[in-house]
Amino acid sequence: MADDGSGARASGGGPVSAEQRHWNDPGWAASWPRRERLTSEVTGTLLDHLGPVAGERVLEVGSGGGTATFALADRVGSGGSVVAVDVSVPLCDLARSRAGERGIDNVTFVVADAQRADIPGGPFSAAVSQFGVMFFDDPVAAFANLRAHVAGGAPLAFACWRSPADNPWMVNATVAAFSAAPPAPPPGPGVPGPFAFADTAATLALVGAAGWQAARATPCDVAVEVDEEVLFDESFLHVAGVPEERVGQAVEAVRAKLAPLARPGGRYEVPLAFQVVTAVAPA
Ligand SMILES: C[S@@+](CC[C@H](N)C(=O)[O-])C[C@H]1O[C@@H](n2cnc3c(N)ncnc32)[C@H](O)[C@@H]1O
């Protein structure tokens, strides 16, 4: 079941997962706008791989605050539209208010679990995701659901992170060690999280198993210099479940991890190592 917004929780009919709880923390509305400084660097590359044209009706998965959605909306123009699905009520609320402020009216933000939801508005002419598909607990079923929502021959393109070693700026694991939450399993294929699709062969195999054809991956690298708050800040630590009394220790550990990336003026040189996976729905 999809919910078009108003604050109700989205489950897509299934049980509420740890990822759904995580992304519905109200703290993301304050924290994600800083994080987007990184994810937005990828949007141009991702959309170039997808190749949307005027008049298309595109399905986006895991739209967050909507920055890629708005770029897509611009490419498909007033004769096209984007239906952007996200499991997070606070981030969909943020995206909707931004769309209103910017006068963008060819986007619809739907609160739903893209893994299993019946998403209104299809069949879509393309499907896309900027770092929104690595949190599925059953990726093959999820990609099969996305395929069921697009027209025959429609392209899929998504961006996902490569390995933790290639992305030394990602401090989630360092922060998790200070969290009051139960320890997360180590990152890897089959474990929802930012690095779930770091293994290219395993990722292409699961996309194929979900019925998409001609899956291929293109490694991409972008370097960006940012302030510390883009990589972490207190709201990021709170969303990650770090109790107040451990915030100081967590900050120290994170700064130690990031030290090799430090630049003058409190800035950091951040290597974004991701891949763009593309595939096509059977005709
Ligand atoms: C890393 S953020 C990326 C947000 C945005 N695309 C960007 O690049 O800034 C991942 C997004 O995926 C969403 N998400 C996670 N699991 C999802 C699911 N099963 N269905 C829909 N959205 C999901 C989260 O709520 C979050 O907004």
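Among contacts in the protein between residues at least 6 apart in sequence, what share joins residues at least 24 apart? The share is 82%, where two residues count as in contact if their C-beta atoms, placed from the backbone, lie within 7 Å. Keep in mind that this is a predicted model, in which local features need pLDDT of at least 70, side-chain atom pairs count only at pLDDT 80 or more, and totals for chains, interfaces and linings use all residues. Residues are numbered from 1 along each chain as its sequence is written.

Let's start with the whole thing. The protein has eleven helices and eight strands; these are DSSP runs, numbered from the N terminus, with helices (H or I) of at least four residues and strands (E) of at least two. Its radius of gyration is 18 Å, close to the 19 Å from the globule rule for 283 residues, so the protein is as compact as a globular protein of that length. That radius is taken over C-alpha atoms, and the rule is 2.2 Å times the number of residues to the power 0.38. Along the principal axes, the C-alpha atoms fill a box of roughly 55 × 40 × 35 Å.

Now for the inside. Of the 283 residues, 41% are buried, a word used when 20 or more other C-beta atoms lie within 10 Å of a residue's own (12 or fewer is exposed, in between is partly exposed, and C-beta atoms are placed from the backbone). The largest nonpolar core has 83 residues; such a core is a set of buried Ala, Val, Leu, Ile, Met, Phe, Trp, Tyr and Cys residues joined through C-beta atoms within 7 Å. Strand S8 (residues 267-280) gives this core its largest share, seven residues. Leu 46 is among those with the most contacts inside the core, and, leaving aside neighbours within four places in sequence, its partners include Ala 68, Val 128 and Val 276.

Ala 68 brings us to helix H4, where Thr 69, Phe 70, Leu 72, Ala 73 and Val 76 are buried along with it. Helix H3 (43-50), strand S1 (57-61) and helix H5 (89-102) are among the elements covering the buried residues of H4. Right after H4 comes Gly 77, with a positive phi near 75°.

H4 (67-76) also supplies at least two residues of the shell around the ligand, as do helix H1 (18-23), helix H2 (28-39) and strand S2 (81-86). In total, 23 residues surround the ligand, the closest being Trp 23, Thr 39, Gly 62, Gly 64 and Ser 88; a residue belongs here if its C-beta atom, placed from the backbone, lies within 6 Å.
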